[in-house]
Amino acid sequence: MNTFPVILPCHFGLEAVLKREIYDLGYEIERVEDGRITFTGDADAVCRANIFLRTAERVLICVGRFKAFTYDELFENVKACPWEEYIPGNARFWVTKANTVNSRLFSSSDIQSIVKKAMVERMKQKYDVSWFAEDGDDYPVRVFINKDEVTVCLDTTGESLHKRGYRTQAGRAPISETLAAALIMLTPWKGDRILVDPFCGSGTFAIEAAMLAAGIAPGMNRAFMSEKWTNIIDKRLWYDAVSEAREQIRTDVVTDIQGYDIDTSVIKTAKDNARRAGVDKLIHFQQRPVRELSHSGKYGFIITNPPYGERLEEKEALPVLYGEFGERFAKLDSWSAYIITSYEDAEKYIGRKADKNRKIYNGMIKTFFYQFMGPKPPKKDRKADG
């Protein structure tokens, strides 16, 4: 089976989490860049990456990588790429996006237009035609230019991988599914430990945690653009990947995952989302304000995305909100808390300096992932367990 570079975009600052996922799938990493990781794979790898990866945004096949300082160089290098090995003569193809950073070529619209023209010229020669009907399947192309290095790719995913299919509604300032999964995977939390999200909104943290605990692959219940690319990917490979995913589901898992929110309608949305994700029996959602945060268990985790106060009237309420959270968290003396927020005074009102924090972009918003570490639970007595 032919191999090629597979490129996986991800959230800036979370490349290490995606690297671990790629290694766990059994692939060798070729290159790590800010917000993007490349590994060598084949058609089977495309299917498995789309279905199993929790923290990648999409799965791209790299068709060419080269330097270009002028539009003429861009045209000639794109024309030299083997497009006919990937795109049939009747396909509909277009440049869906062009990103450029620190490069001499900076006009996204011009880049898109020139790349499409170069592809057409190449395929005219290879297919010996003068015109393309483009009435076949879709083959969208993405272009990245960083420091004058151009990468041209086919997008195998279509709608971003954060769209798992379970979240048809979201509350205000929702966290994406891929970012939520990555943040959970940055913590030591495992499925047999307590997890509470006191600002659960549409339930994303709780749902992603439950899917992790139950071994439910994030992409097994959605469709992908490249499922129709039978010239590159045999249909059987998709069926095999889904079968592999089904075999990994743990139906007997027991969890203590809870989500609270002050808004009753939001809780209903979270419950509906959890049901669509197949994890509603693993999560307890409840209408409850943060000032009533409590739990009788020890060594639990809080992982949450509280309000940031992007609007002025909301910002005025944040000192009280974060203060209430800090008071309740202090009473959970053996617990750990992980909070993503852009609120600069979060530590001040929580009443404790974070043990660690990590800068992460949530969309275009610069946020910090504050990590308040609790003690590790004592090791179980092996004889008692026996």
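In which helix does E324 lie? The legends below describe close-up views of a predicted model, and the first of them takes up this residue.

**View 1. E324 and its surroundings in helix α10.** E324 lies in helix α10, which is formed by residues 318-331. With a relative accessibility of 21%, E324 counts as partly exposed, because the term buried is kept for values under 20%. When its neighbours within four places in sequence are left aside, E324 is in contact with V290 and R291. E134 stands 190 residues from E324 along the chain, and the C-alpha atoms of these two residues are separated by 59 Å.

**View 2. An open sheet that contains β10 and β13.** In this view 7 strands form an open sheet, and reading across it gives the order β10-β9-β8-β11-β12-β14-β13, with mixed pairing. The edges are taken by β10 (283-287) and β13 (356-362), and each of them has a single partner strand, so one side of each is left without a neighbour in the sheet. From one strand to the next, the twist averages 20 degrees. Within this sheet, strand β11 (residues 301-304) pairs with strand β12 (residues 336-341) in the parallel sense, over 4 bridges. A student who wishes to follow this pairing residue by residue can begin at T304, whose bridge partner in β12 is I339.

**View 3. Helices α6 and α8 against the sheet.** Helix α6, made of residues 204-214, lies across β8 (194-197), β9 (256-261), β10, β11 and β12, and it runs at about 170 degrees to β10. Helix α8, made of residues 264-277, also packs on the sheet, where it touches β9 and β10, and its direction makes about 165 degrees with that of β10.

**View 4. An open sheet that contains β2 and β5.** This open sheet of 7 strands has the order β2-β3-β1-β4-β7-β6-β5, and its pairing is mixed. Here β2 (29-33) and β5 (92-101) stand at the edges, and since each has a single partner strand, one side of each is left without a neighbour in the sheet. If direction is ignored, neighbouring strands of this sheet are turned against each other by 30 degrees on average. At one edge, β5 pairs with strand β6 (residues 138-146) in the parallel sense over 9 bridges, and in β6 the bridge partner of K97 is R142. Helix α3 (residues 71-79) packs on the sheet and touches β4 (60-67) and β7 (149-155), while its direction makes about 135 degrees with that of β4.

**View 5. Strand β3 and its two partners.** Strand β3, which covers residues 36-41, is mostly covered, for 5 of its 6 residues are buried. Strand β1 (residues 4-9) is joined to β3 by 6 bridges, and the two run antiparallel; the bridge partner of L8 in β3 is I37. Strand β2 is also antiparallel to β3, to which it is joined by 4 bridges, and the bridge partner of R31 in β3 is T38. The hairpin of β2 and β3 has 2 residues between the strands, and in this hairpin G35 takes a positive phi near 75 degrees.

**View 6. The crossing of helices α2 and α7.** The axes of helix α2 (residues 43-52) and helix α7 (residues 235-247) come within 9 Å and cross at roughly 40 degrees, which means that α2 is oblique to α7. The crossing of these two helices, α2 and α7, is right-handed. Among the residues that meet are A43, C47 and I51 in α2 and L237, W238 and A241 in α7.

**View 7. The crossing of helices α3 and α4.** The axes of α3 and helix α4 (residues 108-127) come within 8 Å and cross at roughly 40 degrees, and α3 and α4 are therefore oblique to each other. The crossing of α3 and α4 is right-handed. The contact involves residues including Y71, L74 and F75 of α3 and I111, I114 and V115 of α4.

**View 8. T157 in a loop.** T157 lies in the loop between β7 and α5 (177-186). Is T157 buried or exposed? Its relative accessibility is 1%, so T157 counts as buried. The side chain of T157 reaches the backbone nitrogen of V59 at 2.8 Å. Not counting residues up to four places away in sequence, T157 touches N50, R58, V59, R222, A223, F224 and M225.

Terms used
Residues numbered from 1 in each chain as written. Predicted model: local features only at pLDDT ≥ 70, side-chain atom pairs only at ≥ 80, totals over all residues. Heavy atoms only, no water. Pairing = 2+ DSSP bridges. Axes fitted to C-alpha atoms, helices over the stretch in contact; angles between N-to-C directions. Contact = heavy atoms within 4.5 Å. Buried < 20%, exposed > 50% of the residue type's maximum accessible area, 1.4 Å probe, protein only. Polar contact = N/O pair within 3.5 Å; in protein donor to acceptor, adjacent residues only side chain to side chain. Parallel < 35°, antiparallel > 145°, perpendicular 65-115°, else oblique. Left-handed = near helix turned anticlockwise from the far one by under 90°.
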